[in-house]
Amino acid sequence: MSSVLILADFIGGKNTKTTAELATAAAHIGDVTAVVLAPVGQGAAYAAALVQAPISNVLVVESDSFLTHGVAAAADVLTQIIAAKNPAAVLIASHAFGKEVAGRVAVKSNSGIITDAVDVAADITATQLVFGGSTTVHSKISHGTPIITVRPNSITADLKSVSPTIETLSFDIADNAKKSTVTSSQPPVQGGRPELTEADIVVSGGRGTNGDFSAVEAFADSLGAAVGASRAATDAGWYPHSHQVGQTGKTVSPQLYVACGISGAIQHRAGMQTSKAILVINKDPEAPIFEIADFGVIGDLFAVLPKATEGVNARKS
Amino acid sequence: MKIAVCIKQVPDSWAEKKMVNGLLDRVNVDAVLNDLDEYAIEEALRIAEAHGGNEESGANTVTVISMGPERASEAVRKALSMGANSAILISDPRLAGADALTTSKVLASVISKGDFDLVFCGTESTDARMSVVPAMIAERLGCAQLTFASAVTVDPTAKRVSITRVTEAGVDEIFGEFPAIVSVVEKINEPRYPSFKGIMAAKKKSIDVIDLAATGVLIENAWSVVVDAAPRPARAAGITITDDGSGADQLVAFLAQKKLI
Ligand SMILES: Cc1cc2nc3c(=O)[nH]c(=O)nc-3n(C[C@H](O)[C@H](O)[C@H](O)COP(=O)(O)OP(=O)(O)OC[C@H]3O[C@@H](n4cnc5c(N)ncnc54)[C@H](O)[C@@H]3O)c2cc1C
Ligand SMILES: Nc1ncnc2c1ncn2[C@@H]1O[C@H](COP(=O)(O)O)[C@@H](O)[C@H]1O
């Protein structure tokens, strides 16, 4: 059986749900080897996190260059692993870091690249949703080792328990991959709520909250949801930028997206319109967000949300 | 400093986009300057202005580089009217439908001939949405990659550039030496509108239109092929209700019916 590499996805030293999704997609193609790039001394701890996904082997590479030289160092090592292992394909998470690593690996290994896939089939055909989710495209890499980035939360992860073999390798990192240097790093602040791109439900607030996110947060908590925001809300300083959903924020594709006091500008839609179900609360019946709503309530979010929160909580008890 | 800005002309975000023979139909849609690239132009101009200006007697030049059909000169002209000094447009029928690997190869080749200290890019083109071209250019040129910048500071004497990188992985402070590729996020600045004076001045600036042969790049092969593309079934029309006091209850009933709670 052919072997497929995935780049295990760690953010702030924590394994994300995306790793299992990548492994699940990769298992369609062949036997899965997860590459773990860890700071010196942390490889074993990182590898130990990979026990719930269809992963057969874990390849650990330790280097502090992954902290100090970021994308370029990761791409340099991953390319050397590809040369050594000759995998059928390489799957990487489709976020800023993952896409940039994939881009550099594609150049270095003279291979084709597909970004933002929502699925990958056994014959390495990737499915993408383009033009705001209005068109489905199937494509294949025609040259080199297929390098494919997979959008978080688009594949249902197979969380089976495994105990993969662990192999530790070491590589020299080229000087060209050390041209930029990280002097300080602040991992994202994790509140008590699920991570935006991993959440099954996202409740977002916009300018209509007028700066008061308490009703949005309470509804999110009743659903166990993550909280998102429009750019109008993040620009106003009402919610952290890291929670912005949209073209220049995060792309989310949860089971349910709830837009509260958000008009539905094209840049906001770009980050949420592939959500499985969309619920809207807005007091303006003309707001364009209603065009993509599965269920829309024309009304005041400050009246609707608290009652809906009560309603959801009542069902739980 | 010699500064370059890579800009792309893209279909208007609101325009309905279609695929023709596996490629985006770029002919029958309104085209605009990729709005994320406006921030790159603005940042380049601000850096130039902060370090001796880019007027005729100034210490810096800002050159716009774009690869696209001839009509992309409209987008290039906009950058010139914002204040860029000169422009190179790589236009060749053989580049129609070029992917990121080819685009980055062509851009890297033109950049390397220009001996630039800094190259600014947007973080994403709103049509392809790949966010890979700046990293690919850095890889091809073997120079510093400083991408997803929400702040940029430059020290021309030390030939050093520092940025704050903001991504899902948090906030990093990063520096590198010239030459460096910098991509900027939209939070970094507020792009200026071209002034009347700027628009008039831009009319006199020339756009150097070159073809593929002039870049020295050979197109060897296609990297990926579209197997098929089909419009997705339109979303089933949703239900919209007006809240008369029972809106919340109906909303909760909808969630229950869809098994979301
Ligand atoms: C380059 C660029 C990138 C961008 N990137 C993004 C991005 O990533 N994400 C993003 O979101 N935007 C982005 N934008 C901005 C986008 O164009 C919109 O300006 C923004 O999404 C608007 O946010 P909003 O819907 O919250 O505000 P508005 O458009 O002002 O809408 C507020 C809505 O709230 C409703 N409302 C008011 N009060 C109430 C109430 N009490 N109850 C119920 N409803 C109420 C109003 O009817 C209105 O529809 C970007 C713009 C540019 C130019
Ligand atoms: N054809 C092009 N011509 C000039 N610059 C480009 C082109 N394509 C991409 N870029 C630059 O690369 C950035 C990222 O684009 P992309 O990787 O396509 O999302 C853009 O914001 C531009 O700065």
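Which residue has a backbone N or O atom 2.8 Å from an oxygen atom of ligand 2? I looked this up at the outset and found Ser131(B). I note that the model is a predicted one.

**Entry 1. Ligand 2**

I listed the surroundings of ligand 2 and counted 19 residues around it. Cys6(B), Ile7(B), Asp37(B), Ser125(B) and Ser131(B) come nearest. I then looked up polar backbone atoms beside the ligand's oxygen atoms. For Met130(B), such an atom is 3.3 Å from an oxygen atom of ligand 2. For Val132(B), the distance from a polar backbone atom to an oxygen atom of the ligand is 2.9 Å.

**Entry 2. Ligand 1**

I turned to ligand 1, which is surrounded by 29 residues. The closest of them are Arg207(A), Ser230(A), Thr248(A), Ser263(A) and His268(A). The surrounding residues come from chains A and B, so I recorded this site as shared between chains.

I looked up three polar contacts of ligand 1. In the side chain of Ser230(A), an N or O atom is 2.5 Å from an oxygen atom of the ligand. Arg231(A) has a polar backbone atom 2.9 Å from an oxygen atom of ligand 1. From Gln244(A), a polar side-chain atom lies 2.9 Å from an oxygen atom of ligand 1.

**Entry 3. Helix 9 of chain A and helix 7 of chain B**

I next examined helices that meet across the two chains. Helix 9 of chain A covers residues 301-316, and helix 7 of chain B covers residues 247-257. Their axes come within 8 Å and cross at roughly 45°; helix 9 of chain A and helix 7 of chain B are therefore oblique to each other. I recorded the crossing of these two helices as right-handed. On the side of chain A, the contact is made by Val304(A), Lys307(A), Ala308(A), Gly311(A), Val312(A) and Arg315(A). Helix 7 of chain B contributes Ala248(B), Leu251(B), Val252(B) and Ala256(B). Sorted by class, this contact has seven nonpolar, one polar and two charged residues.

**Entry 4. Helix 5 of chain A and helix 4 of chain B**

I looked up another pair between the chains: helix 5 (residues 96-108) of chain A and helix 4 (residues 133-141) of chain B. The axes of this pair come within 8 Å and cross at roughly 40°, which makes helix 5 of chain A oblique to helix 4 of chain B. The crossing is right-handed. Among the residues making the contact are Glu100(A) and Arg104(A) of helix 5 of chain A, and Glu139(B) and Arg140(B) of helix 4 of chain B. By class I found five nonpolar, one polar and five charged residues in this contact.

**Entry 5. Helix 6 and helix 9 within chain A**

I returned to helix 9 of chain A, which also packs with helix 6 (residues 214-223) of chain A. The angle is about 20°, and the axes are 9 Å apart. That angle makes helix 6 of chain A roughly parallel to helix 9 of chain A, and the crossing is left-handed. Residues of helix 6 in the contact include Ala215(A), Phe219(A) and Leu223(A), which belong to the set that meets helix 9 residues including Leu305(A), Ala308(A) and Val312(A). I divided the residues of this contact into eight nonpolar, three polar and two charged.

**Entry 6. Backbone details**

I checked two loops. The peptide bond from Phe178(B) to Pro179(B) is cis, with omega near -10°. Pro179(B) is placed in the loop between strand 11 (170-177) and strand 12 (180-184) of chain B. Asn86(A) is not a glycine, yet has a positive phi of about 45°. I located Asn86(A) in the loop between helix 4 (70-85) and strand 6 (89-93) of chain A.

Conventions. Residues numbered from 1 in each chain as written. Chains lettered and ligands numbered in written order. Predicted model: local features only at pLDDT ≥ 70, side-chain atom pairs only at ≥ 80, totals over all residues. Heavy atoms only, no water. Axes fitted to C-alpha atoms, helices over the stretch in contact; angles between N-to-C directions. Helix = DSSP H or I, 4+ residues; strand = E, 2+ residues; numbered from the N terminus. Parallel < 35°, antiparallel > 145°, perpendicular 65-115°, else oblique. Left-handed = near helix turned anticlockwise from the far one by under 90°. Contact = heavy atoms within 4.5 Å. Nonpolar A, V, L, I, M, F, W, Y, C, P; charged D, E, K, R; others polar. Near = heavy atom within 4 Å. Polar contact = N/O pair within 3.5 Å; in protein donor to acceptor, adjacent residues only side chain to side chain.
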